[in-house]
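Morning, everyone. I have one structure to walk through today, and I will keep it brisk. Please look at the display first.

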Amino acid sequence: MDRTARPLVIVAAFAGSLVVGLVLMLWALGGLKNVAAPAAIGGPFQLTDQTGQAVTEKSLQGRPTLIFFGFTHCPDICPTSLFEISEVLRAMGKDADRVNAYFISVDPERDSSQAMKDYLSSFDPHLKGLTGEPDQVAKVISGFRVYARKVPLKDGDYTMDHTALIYLMDRDGRFVAPFNLKRTPEEAAADLKHYL
């Protein structure tokens, strides 16, 4: 490194560390609380539940919400996750009435409102199944940053690869974190009650 470049590198490194330090200090002091995350999760959508009622992003407001994306022809992950969500809702007792729980289809081609109704009859009645036209479903999949892809099978049928994450949204409809089901239903229910 030549003599003229060395001071510039030192000044640039010092300036960079000042910027990082300032950002960390503002964050620690709460000065960045109102700064929106660049990759927000969620957003406007309109789908239909298993009874034919419209559900939008406004339906998430006022209650904490659990959202799981999947499909009714799923052989294992979806029914297991919905069973675990059902167990958490059961463990909440009457407080489950104060929580939204949605199963959003990534397969609108097969998952009609009636198919969702039939499928969800095996799970907790608080769970609502949401579906819609392919463009409506694509919009919510994109807004929640969900990976979903149709995978052809040898017999001419298909399955769906998809994100198997349970989204926890707060009372304002904002994403909080992935909801952990790898604990007892009672522990998960106690955690969810903090958002009531």
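Start with a lysine and a ring. K150 lies over the face of Y158, and the distance to the ring centre is 4.3 Å. There is another charge of this kind to look at. R183 places its charged end over the ring of F179, 5.1 Å from the centre. Keep in mind that this is a predicted model.

Now the overall layout. The protein has five helices and nine strands. Along the sequence, the order reads α-β-β-β-α-β-α-β-α-β-β-β-β-α. The protein has 196 residues, and 35% of them count as buried. Take the contacts with a separation of 6 or more: 70% of them come from residues 24 or more positions apart. The exposed surface is about 11500 Å². Carbon and sulfur atoms supply 58% of that surface.

Next, the aromatics. How many aromatic pairs does a search of the whole structure find? The search finds seven. Take F68 and F103. Their ring centres are 6.2 Å apart and their planes meet at 15°, so this pair is stacked. Stacked here requires planes under 30 degrees apart. The pair also links distant parts of the chain. F68 sits in strand β3, F103 sits in strand β4, residues 100-105, and the two are 35 residues apart.

Are these two rings buried or exposed? F68 has 0% relative accessibility, so it counts as buried. F103 is also at 0% and therefore counts as buried. The ring pairs go further than these two: they link F68, F103, Y119 and F123 into a cluster.

β3 comes up again at the last helix, so let us go there. Helix α5 covers residues 185-193, and A188, A189 and L192 are buried in it. Why do these three lie on the same side of α5? Because they cover an arc of only 100° around the axis. The general rule is that an α-helix has 3.6 residues a turn, so residues three or four places apart point the same way. What do the buried residues of α5 pack against? They pack against β3, residues 65-70, against α2, residues 77-92, and against β8, residues 166-169.

Just before that helix is a loop worth a stop. N180 is in the loop between β9, residues 175-178, and α5. At 37% relative accessibility, N180 counts as partly exposed, because the buried class ends at 20% and the exposed class starts over 50%. Its C-alpha atom is 7.6 Å from that of I166, and the two residues are 14 apart along the chain.

Last stop, strand β1, residues 46-49. Which residues of β1 are on the covered face, and which are on the uncovered one? L47 and D49 make the covered face. Q46 and T48 make the uncovered face.

β1 has two partners to discuss. One is strand β2, residues 54-56: the two run antiparallel, joined by three bridges. In that pairing, L47 has V55 as its bridge partner. β1 and β2 form a hairpin, with four residues between them. In the turn, G52 has a positive phi of about 95°.

The other partner is strand β5, residues 127-131, which pairs with β1 in the antiparallel sense over two bridges. Here the bridge partner of T48 is T131. So L47, on the covered face, bridges to V55 in β2, and T48, on the uncovered face, bridges to T131 in β5.

That is the tour. Questions, please.

Terms used
Residues numbered from 1 in each chain as written. Predicted model: local features only at pLDDT ≥ 70, side-chain atom pairs only at ≥ 80, totals over all residues. Heavy atoms only, no water. Buried < 20%, exposed > 50% of the residue type's maximum accessible area, 1.4 Å probe, protein only. Arc of directions from axis to C-beta. Contact = heavy atoms within 4.5 Å. Phe/Tyr/Trp six-rings, centres within 6.5 Å; stacked < 30°, edge-to-face > 60°. Lys NZ or Arg CZ within 6 Å of the ring centre and 35° of its normal. Areas by Shrake-Rupley, 256 points an atom, 1.4 Å probe, with all protein chains shown as cover. Pairing = 2+ DSSP bridges.
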